[in-house]
Amino acid sequence: MSVLNTLILEGKVALSYFIACTLLVLTLFQSCSLTEIWSIATRGIILGLTMCATCFVPYSSVAKRAALLGIIFGIAILLSLGETFWKYFGWYLASLSFFHLSEYVMVACYSPDKLSVDSFLLNHSPEYQIAAVASWIEFGVELWLFPSMKNMFVASSMGLLCMIGGETLRKLAMITAESNFTHIIQTRKEKSHVLVTRGIYSLCRHPGYAGWFWWSLGTQLTLCNPICLIGYIWASWRFFNERVYDEEITLIDFFGEEYLAYQKKVTSVGVPFVKGFEYNVEMVKNS
């Protein structure tokens, strides 16, 4: 059965609006130069009206988020085709918009019972939003003060590879785990819960977290943001170190010996220097 056939209606709405608005941006601005102020304003009004119209269609909360991501993706393509350092910002925007749209579509396809507008992860956390804005500010300030910093092809290309690799790793995790993959740690075992050890999970225990970790680092490499790169490494590692530790305690509670055997067989978490929860029999006896 194809992915499109398994998508519920909300997923198809999101995918349709994303594609439609991407194509709209490309159609309106494909031959536009930055000096055509009036023309840009006119086309901007058309885009604004399009966004307003999405507020009155069925599933408008889904449609307007997908439309916004589609517009950003279309702008990203146009920037990526440019000859200046703005093309690297285009790479970043393309990856960012695709990441959020694909998160929603994957949940709609494989875990429709868990689907909500939060599945776009646009409001993942205040810390995530602050980190994103901080990266835009750093890019803009450094572009103004040190424009040559934003024209490093090797660094941006490495970042692009990290974004593509991280995104691929995370989506493979979602596809392999299917309904067992969730954006929120589950505290109660459902009857449908099974321990997934095949595919990408046979190589690392937490490919979804690892994918997000490498993707987030790739965004800052692509933008050549040295300050945010260091900040993202520290914040992401700290977050996933705590998240993996807590989740593995829950997984041991859910699956017991089965998960402990899996831990011994697959030693890599996927995030550098993150070990997860190390079960110790002596610790249990003394508790």
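W86 is partly exposed, with a relative accessible area of 36%, in a predicted model whose protein chain comprises 11 helices and zero strands. F139, by contrast, counts as buried because its relative accessibility is 3%, under the 20% cut-off. The structure holds 17 aromatic pairs. W86 and F139 form one that is edge-to-face, with 5.7 Å from centre to centre and 65 degrees between the planes. This pair links distant parts of the chain, as W86 lies in helix α5 (residues 86–110) and F139 in helix α6 (residues 126–145), 53 residues apart.

**Aromatic pairs and the ring cluster**

- A pair of aromatic rings is described by two quantities, the distance of the centres and the angle of the planes.
- The ring centres of F99 and W215 lie 4.3 Å apart and the planes stand at 15 degrees, so this pair is stacked; the cut-off for stacking is under 30 degrees.
- The F99–W215 pair also links distant parts of the chain: F99 belongs to helix α5 and W215 to helix α8 (residues 207–223), with their positions 116 residues apart.
- F99 has a relative accessibility of 1% and therefore counts as buried.
- W215 is likewise buried, at 3% relative accessibility.
- F99 and W215 are both members of a cluster that ring pairs build from F99, Y128, Y209, W212, W215, F239 and F240.

**Helix α2**

- Helix α2 covers residues 9–29 and has 21 residues, for which a rise of 1.5 Å a residue gives an expected span of 30 Å.
- The end C-alpha atoms of α2 are 30 Å apart, which agrees with that expectation.
- The buried residues of α2 are G11, V13, A14, F18, C21, T22, V25, L28 and F29.
- These buried residues cover an arc of only 160 degrees around the axis, and therefore lie on the same side of α2.

**Annotated transmembrane regions**

- An unreviewed UniProt entry places the feature "transmembrane region" at residues 12–31, 37–59, 66–82 and 212–235.
- Residues 66–82, one of these annotated regions, are 88% helix and 0% strand, and their end C-alpha atoms lie 25 Å apart.
- Residues 212–235, another region in the record, are 92% helix and 0% strand, with end C-alpha atoms 12 Å apart.

**The surroundings of I230**

- I230 is located in helix α9 (residues 226–255).
- The relative accessibility of I230 is 60%, so this residue counts as exposed; the cut-off is over 50%.
- I230 and L217 are 13 residues apart along the chain, and their C-alpha atoms are separated by 8.8 Å.

**The protein chain as a whole**

- From the N terminus on, the order of elements in the protein chain is α-α-α-α-α-α-α-α-α-α-α.
- The protein chain has 287 residues, of which 42% count as buried.
- Among the contacts in the protein chain with a separation of 6 or more, 74% are accounted for by residues 24 or more positions apart.
- About 15600 Å² of the protein chain is exposed, and carbon and sulfur atoms supply 68% of this area.

Methods
Residues are numbered from 1 along each chain as its sequence is written. This is a predicted model: local features need pLDDT of at least 70, side-chain atom pairs count only at pLDDT 80 or more; totals for chains, interfaces and linings use all residues. Side-chain values use heavy atoms; hydrogens and water are left out. Rings of Phe, Tyr and Trp (its six-membered ring) pair if their centres lie within 6.5 Å; planes under 30 degrees apart count as stacked, over 60 as edge-to-face and the rest as tilted. Helices (H or I, at least four residues) and strands (E, at least two) are DSSP runs, numbered from the N terminus. Buried means under 20% relative accessible area, exposed over 50%, partly exposed in between (1.4 Å probe, protein chains only). The expected span of a helix is 1.5 Å times one less than its number of residues. The arc is that of the directions from the helix axis to the C-beta atoms. UniProt positions are given in the numbering used here, feature names are shortened, and annotations may be inferred rather than shown by experiment. Contact means heavy atoms within 4.5 Å. Accessible areas come from the Shrake-Rupley method with a 1.4 Å probe; for residues, only the protein chains shown count as cover.
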